[in-house]
Amino acid sequence: MRMVQKTRAMRDTRLKEMYIVRYADDFRIFCRTTNEANRTMAAVKQWLKQRLRLEVSDEKSRVVNLKENYSDFLSIKMKLKQKKDKLVLQSKVCAKAVKRIKSAAKEKIKEIARPSKGKTITRAVLDYNAFVTGEHNYYQLATDVSLDFANIGYHTNATFKRLKRKLKRKPKTGTINAVTERYGLSEQLHWIRDTPVAPISYVQTCAPMGKKRSVQKYTPEGRKEIHKNLGIDTYMLRFMLRQKLFGRSAEYMDNRLSLFCAQYGKCAVTGRAFELLEDIHCCHKFPKSKGGKDKYQNLIIVHVDVHTLIHATTQLTIEKYIARIRPNKQQLNKINKLRKEAEYPPIIV
């Protein structure tokens, strides 16, 4: 509330209102008028040169009227368009990024058609899925992302014709994983050897999440909010630091603590906070007995009962721990995903 009052008070001064958006060394300054934008440009150039000894590139730095032209920022181009009695933002994937995604997608499809030495078709499909979901996650904030990726999909379909004999509409088994959960409603979803292939055209706009103004590092109150949001049980973390696990590598012990903090002291499957130290288990996604490493990417913190269920092989053990954990559909999907990575069959309830 105080921040809003201060902003209103400053509007009665001779100060010019502007918004600065920055990511690393790339930033944009939004002003209300062209005159203010030109004066701000000159002031920023002078300040950077005199104070930081930095020269501003004239090719990359310019004043753009967002009502008439697009402006690129972090591979997303933005423009204002009239909607009834107000201006709204229209954003697209920039042309350079579209060209890069098309090229990369075609190369990964070719890799599925003819995997390189030492790579299986399944591994090539998983690499392609990771690429598609990664691009979707980044660009889904653009308002016209569905149109841009429909265009990308249209140009990659010709490359997909190489896989015509391998593509199937339905798998032999009803495997549920992250791809089927996300793209299951799409008619473009296909399978290769019971592994789903993520449709690159199927993506929808996702509204960006707002951030509380009170959460910031420049005031004691803001820093307190940051630490409050972390929500890590430091009492439990202290016990984990002192705990001795014999036969474990230093890499495993370090990654175990990092994962506990990254998961906010909660089980990755159930989402419940740990109450006892003995309930915490750092699980290898791909078992160490099968050649799994102690790398961060191959580890996950789960409840000890969940760990037992992930590696259970007998029906009696599976039924026992299903009754004990009582996982819902989403939790069971996570367990089955981890069982697949550990090369165990899915649990069907």
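This report describes the overall form, the charges, one strand hairpin and two backbone details of a predicted protein model.

## Overall form

The protein contains 12 helices and nine strands. Its radius of gyration is 26 Å, well over the 20 Å that the globule rule gives for 349 residues, so the protein is more spread out than a compact globule. The C-alpha trace spans about 75 × 55 × 40 Å along its principal axes.

Of the 349 residues, 34% are buried. When contacts between residues at least 6 apart in sequence are considered, 52% of them join residues at least 24 apart.

## Surface and charge

The accessible surface of the protein amounts to about 24,000 Å². Carbon and sulfur atoms account for 53% of this surface.

The protein carries 73 positive and 33 negative charges. The mean position of the positive charges and that of the negative charges lie 2 Å apart.

## The hairpin of strands 1 and 2

Strand 1 comprises residues 18-23, and strand 2 comprises residues 26-31. The two strands run antiparallel and are joined by six bridges. Within this pairing, tyrosine 19 stands opposite phenylalanine 30 of strand 2.

Strand 1 and strand 2 form a hairpin, with two residues between them. Alanine 24 lies in the turn and has a positive phi of about 55°. Strand 1 itself is hardly covered, as the count of buried residues among its six residues is zero.

## Positive phi values around helix 12

Two further residues with positive phi are associated with the segments on either side of helix 12. Arginine 326 is found in the loop between helix 11 (315-325) and helix 12 (329-341). Its phi is near 55°, a positive value in a residue other than glycine. Arginine 326 has a relative accessible area of 69%; exposed means over 50%, so this residue is classed as exposed.

Glutamate 343 is placed in the segment after helix 12. This residue is not a glycine, yet its phi is positive, at about 65°. The relative accessible area of glutamate 343 is 54%, and this residue is likewise exposed.

## Summary

The predicted model holds 12 helices and nine strands and is more spread out than a compact globule. Strands 1 and 2 form a hairpin with alanine 24 in the turn. Arginine 326 is exposed, and glutamate 343 is also exposed.

Technical notes. Residues numbered from 1 in each chain as written. Predicted model: local features only at pLDDT ≥ 70, side-chain atom pairs only at ≥ 80, totals over all residues. Heavy atoms only, no water. Helix = DSSP H or I, 4+ residues; strand = E, 2+ residues; numbered from the N terminus. Rg over C-alpha atoms; globule rule 2.2 N^0.38 Å. Buried < 20%, exposed > 50% of the residue type's maximum accessible area, 1.4 Å probe, protein only. Contact = heavy atoms within 4.5 Å. Areas by Shrake-Rupley, 256 points an atom, 1.4 Å probe, with all protein chains shown as cover. Lys, Arg positive; Asp, Glu negative; His and termini not counted. Charge placed at Lys NZ, Arg CZ, Asp CG, Glu CD. Pairing = 2+ DSSP bridges.
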